[in-house]
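Please walk me through this structure, beginning with the way its nonpolar residues are grouped and ending with its backbone geometry.

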Amino acid sequence: MTAHTRLDPPLVESIRKALTGNALPGETQGLSREAEREAAEFIAAVAASRKRGELALAIESTGGEAGNRRMRIGIVNDDMPFLVDSVANAVAQKQLTIHRLLHPVVCVNRDANGELQSLEDYCGDKSRRESMMYLELDRADARGRQELAADLRRVLSDVRLAVRDWESLQRRMREDAAAIEDPEGAALLNWFADGAMTLLGYHVEKPYEVPSNALGIFSIPGAPTDEGGALGAMRYLEKNAAPLMAKAERQATVHRRVPLDLVVVPLKAGDTVTGIGVHAGLWTSEALRVPPEQVPVLRARLKQLDADFGFDPKGHSGKALRHAVASLPRDLVIAISYECLRELVMMAMSLADRPRPGLVQVRSILKGQLFTFVWLPREELTTARRTAIAMLLENEVGREITSWSVELGDGDLALIRYTQYIDEEAPAPDAAGLDAAVVEMVRGWSPAVEGELIEAAGVPRATRLALTYISSFPDGYRARTAPEEGAADILRLCDLADENDRAVRITRLDHDPPGHLRLKTYRRGGLIPLSDVVPVLENFGFRVLEEFPTALSGGNGYIHDFRVQLAAEADMGSILARTGEIERGIANVLCGSAEDDEFNQLVLYAGLDMRPVVWLRAWFRYTRQTGASYGLVTIVDALRRAPNATRALIDLFEAAHNPTTTKRDEKVADCRDRIDRSLARVRSIDDDRILRRLRALIEAIVRTNAFAPAAEEALAFKINSSLVPGLPRPVPWREIWVYSPRVEGIHLRGGPVARGGLRWSDRRDDFRTEILGLMKAQLVKNAVIVPTGAKGGFYPKQLPSGSRDAWLEEGTESYRIFIRSLLSVTDNLVNDKVVHPEGVVIHDGDDPYFVVAADKGTATFSDVANAIALDRNFWLGDAFASGGSNGYDHKAMGITAKGAWISV
C-alpha cells in the first residue's frame, strides 16, 4: 500500500497522536516511534477516502520472525456502539490472537468526494465522528485474510443495521408489550425496551411465508433463528400467556458471540394466532445480575416456588431459595418451563447445603434445545475437564455442543452450562447415568481406578496393585485414559512374569471408525522397540496407524497404545469374539516362543486359532525341505483366499489325529467332502496345487504329537513318505518331521528296522536333501549289518553369537528337543508288549524299533540321547544311541559295514 505517500505529513502525525494519545494500558507497549509512524501511515491510507455510511477496511501482512509473524487490520467507520467488541469477537472466531488494539474516535473534515482534509480530537458534532481501529494480530494466509475481511464486513454491516433501527426496535417492543394481556409478560417486554436487552433485530414469521417487516440484523437475510419454529411457537402461544422466551440457533455477531435471545409474541386475527413477531437481542450484562425479585415473570415464578415449597420469603429457606434462583443464569431460567425451573432450583439448593458435583438436564419450552447444567468444585474446573464433559454429552445425545458458558459465583461450586439442539420428539438422555459419570470423573482418577480394580480383583489384591502401580502413571496417560481402562492395563502389567515377558490387549470403542481396533502391548521395565513390534503386527495382518507410548515411573512397565486397521475382508465380530486367543498369539510372537511370519495373518483372515497356524507353518517348512517351489507368501495368500478350504484341512487333521475325536471315520469322510467342495471353487491353478499338496501331506501323516503334551516343546509328524507326491528319490519308508521355533529336524528310515546317526546340520533351508543323501549311503553300507539304513539331522534356529559355550549349550538343547520329539511318536516295549505313546492316534502298525547313532556334530551326544531314553523308560535304555560311555562301541567291536565285509 502506497497511498500514504500522497497524504500531508501533518495529517499522518495527527493520526499518530490520536492512535496513541488515549490508548489503554499495554496497547502501546513495545511500539517504537517508527512503528507508531508506520501504523499512522497505514490508517491514513485506509481513511484517505471514505463517504459517510461506508466502511473502509484493509488487511496486510507485516512480516516478522518465524513464530512471530503478524498482520494488521485498519478499519475506519462512522462512530457507533458495539464496534470494538464485535470486531474482536469476529477475530477470535477465527482462532487468531489480537496483540494490539488502538481505537481512537476522532472528528474529521472531508470534501464532497469523501477525501480526508483534516481531523481533530473528539467533538460534539456526531455527524463528523469516525471510529478508527488499528489491530495487530497473528498472521493468516491469503485465503484466511480474505475470509476474515469478508466476516468483518458482514459483522460491521450487522452493527450498522442494529444501530440504525435501534429506536424502531424499542418502539416495536413497547407496542407488543401494550398488546399483551398478561401483566408480567407486558412488564418483561417493557423492561427489555428500557435497556435490559440489547435489541438487535425483529421480523414477522408466518407459516410457509418469507419473514417480513424486518428491522435491524434481520434486514439482510441470514441464518434462521429457529428453523421451522414458527408453527411450534404459534401452538404454544394459543394456549399460554405471552411472551415465549427462547434461545436461537443463530449466534449474534453484534456485541457478543452467543446465541441470540428471542422474545416471541403472537400476531392475532381475532382470537386466532396467525403468526409471530420475533424480537432478537441479548440480555445486557447488568440485567443478568439483577436480583430475581426485580425481573418480571421470574419474580412471579419465585412467588410460585415459595408457595409450592411452603417457604417464608423472609425465613432461612426462603432466602436459600432466592439465593439458588440467583445462582442460575436469568436468560435461561426464564426460557424453560416452570417444572424444569423447579427441578433446577431444588438441585441448586441441595448443592448449596452440601457442595458436590451434580448434573441436571432440562429442555427448552418447545423441546428443541437441551440445556445441561453441571456443577463442579471450583478447583476441579479445568479446560480438560470441561471438554471431557462436553464429549460425554455429545456421545450420549449424539449432537454437538453448540454453546457453553462458565459461571464461578462466590461459592464452592462452579457452574458450566451446555446447549445442544435435539429433535423435539427425541427421548430424554440418561441424565442419571451422566450425573454418575460426572461424579466419577470429579472423584479423581486414582480412586476411580482403584474402584475398578476392587470390582475386578477384590479388595486385598486391588489395594496392593493400586499402591504399586497407580502413582506410576504420568499425567498425560491419566488425562486420556478412562479409569476402567487404567485398571485393565494394571491387571495386564501385574501378570507379566519378568522383563522378557509380553502381554497384549485388543479393544474397540463404539465411536472407532469401521475396521479400526485399539491394541496395547505391555512390558515390565523399558519399552519394546517399534521395529520389533510393528513388523509383528503387520504379519498378523494389521495396518499400524499410530502409537501412543506410556512409560510408568519406577520401572513398573511400559505400555504401547496402537491404533490399527484391518483389511476389508476381516470379520470384525469373529475377531472381537476371539480377542483372547489373538492376544496370546501376538504375545507369544513378541516373546519369541512363536515365529513371526505371514502365516499369522490366518488368525484374522481365515478364522484360525494359533495352534492350527503353527501346524500350517510346520507343514510349509517340511514342503520347502522337500524342494517345493512355492514361497511362504504364496502359500499364505492361497490359504487366505480359500478360508473354507483352509479350515477344512485343519478339521481333517484334527478328525484324524485328535485322541478325543468320536466317530472318527465319519468325520474324516465329511472333512474330505468339504475339501472337495472348497477346491471346486478355487480359481487359481497355483492355489489349487498348493491346497491339494497340503491335503496329500495331511493324509500321509500317520502319527503326530500335536495333541499330546510333547507338542508344547516341539511338533513331530510321522509321515508315510510314499503318500507324499513329488518327493525326491530315494523315497524313505517313513520319516519324522520335527518343528519348533527353536529347532527343526528330520529323521528318514529305509525300513522298519533301520539304523543311522543324527547330524547337526548347518544347512537351514535344505538339510533334508543333505540327510536324504546320507540315508542313501546308509541303505547300502548297512545292508550287511541290519536290514536297512536311516539318517537324521537337525538345525538349531536360535544359536547365540559370541560365546562358544552358549552356542554349544543351545545346540545341545536343540538336540535334546529333537530326540524327545522323535520318541514322542515312537512305540515302546514294556514287558514284551508294544505300548503306544500317550496322546497319539496310531494310523500305522506297531513300530518300536528306533535306534540312533552319533554323526557329524553329535559325536559326544550319545550319552545325552541315552539319558533321555532312560528317563522315558524307553526299552532300549542306554543302547538307544550307540557310542556312549556305557554299552558297546560298535566301531571297536567291528559292527560296521567294513567289519562285516572283513568278517565274511
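In this predicted model, the largest nonpolar core has 96 residues, and those that touch the most other members are Trp 191, Phe 192, Leu 260, Trp 283, Val 345 and Trp 375. Helix α11, which spans residues 338-353, supplies the largest share of this core, with nine residues. Apart from it lies another core, of 81 residues, which includes Ala 606, Cys 671, Val 682 and Tyr 739. As a general background to such groupings, nonpolar side chains in soluble globular proteins tend to be buried together.

Leu 260 serves to show what surrounds one of these core residues. If neighbours within four places in sequence are set aside, Leu 260 is in contact with Leu 200 and Ile 217, with Ala 246, Lys 247, Ala 248, Arg 250, Gln 251 and Ala 252, and also with Ala 280, Gly 281 and Leu 282.

A second residue to follow is Leu 135, which is found in strand β6. Leu 135 counts as buried because its relative accessibility is 0%, the cut-off for that class being under 20%. With neighbours within four places in sequence again left aside, the residues in contact with Leu 135 are Met 71, Arg 72, Ile 73, Val 87, Ile 98, Arg 100 and Leu 101. A sense of scale comes from the pair Leu 135 and Thr 463, which are 328 residues apart along the chain and whose C-alpha atoms are separated by 58 Å.

The cysteines come next. How many disulfides does the model contain? The count comes to one disulfide, and this bond joins Cys 107 to Cys 123 with an S to S distance of 1.7 Å. The link of Cys 107 and Cys 123 is left-handed, with -95 degrees about the S-S bond. The pair links distant parts of the chain, 16 residues apart, since Cys 107 belongs to strand β4 (residues 105-110) whereas Cys 123 sits in the loop between β5 (116-120) and β6 (129-138). Cys 107 is classed as buried because its relative accessibility is 0%, and Cys 123, with a relative accessible area of 12%, is buried as well. Cys 494 is in no disulfide, and the nearest cysteine sulfur, which belongs to Cys 591, is 16 Å away; the distance at which two sulfur atoms would count as a disulfide is within 2.5 Å. Cys 494 is nevertheless buried, at 16% relative accessibility.

Strand pairing can be illustrated with β14 and β15. Strand β14 (residues 403-407) and strand β15 (residues 413-421) run antiparallel and are joined by five bridges, and within this arrangement Ser 405 stands opposite Arg 417 in β15. The hairpin formed by β14 and β15 has five residues between the strands, and Gly 409 takes a positive phi near 65 degrees there.

The largest pocket holds about 1500 Å³ of space. Its lining consists of 36 residues, and Ala 479, Arg 480, Thr 481, Ala 482 and Pro 483 are those nearest the centre of the pocket. Among the elements that give two or more residues to this lining are the helices α13 (431-443), α14 (445-457), α16 (475-480) and α17 (483-494), together with the strands β17 (516-523), β18 (543-552) and β19 (557-565). The largest share of the lining, six residues, comes from α12.

It remains to look at the backbone, for which the background is that most residues other than glycine have a negative phi, and most peptide bonds are trans. Where, then, does the chain depart from this? A cis peptide bond, with omega about 0 degrees, joins Ala 242 and Pro 243, and Pro 243 lies in the loop between α7 (229-239) and β9 (244-251). The peptide bond from Arg 729 to Pro 730 is also cis, with omega near -5 degrees, and Pro 730 is found in the loop between β21 (715-719) and β22 (734-739).

Positive phi values appear at two lysines as well. Lys 367 has phi near 70 degrees and is placed in the loop between β12 (358-363) and β13 (369-377), where its relative accessibility of 39% makes it partly exposed. Lys 663 has phi near 50 degrees and is found in the loop between α24 (643-657) and α25 (664-680); Lys 663 counts as exposed because its relative accessibility is 59%.

Definitions and conventions:
Residues are numbered from 1 along each chain as its sequence is written. This is a predicted model: local features need pLDDT of at least 70, side-chain atom pairs count only at pLDDT 80 or more; totals for chains, interfaces and linings use all residues. Side-chain values use heavy atoms; hydrogens and water are left out. Helices (H or I, at least four residues) and strands (E, at least two) are DSSP runs, numbered from the N terminus. Buried means under 20% relative accessible area, exposed over 50%, partly exposed in between (1.4 Å probe, protein chains only). A nonpolar core is a set of buried Ala, Val, Leu, Ile, Met, Phe, Trp, Tyr and Cys residues joined through side-chain atoms within 4.5 Å. Contact means heavy atoms within 4.5 Å. Two strands pair if DSSP finds at least two bridges between them. On a 1 Å grid over the protein atoms alone, a cavity is a set of points where a 1.4 Å probe fits but cannot get out, and a pocket is an open set with protein on both sides within 12 Å along at least five of seven lines; lining residues have an atom within 4 Å of a point. Grid points are joined across faces, edges and corners, and a volume is the space filled by probe spheres set on the points.
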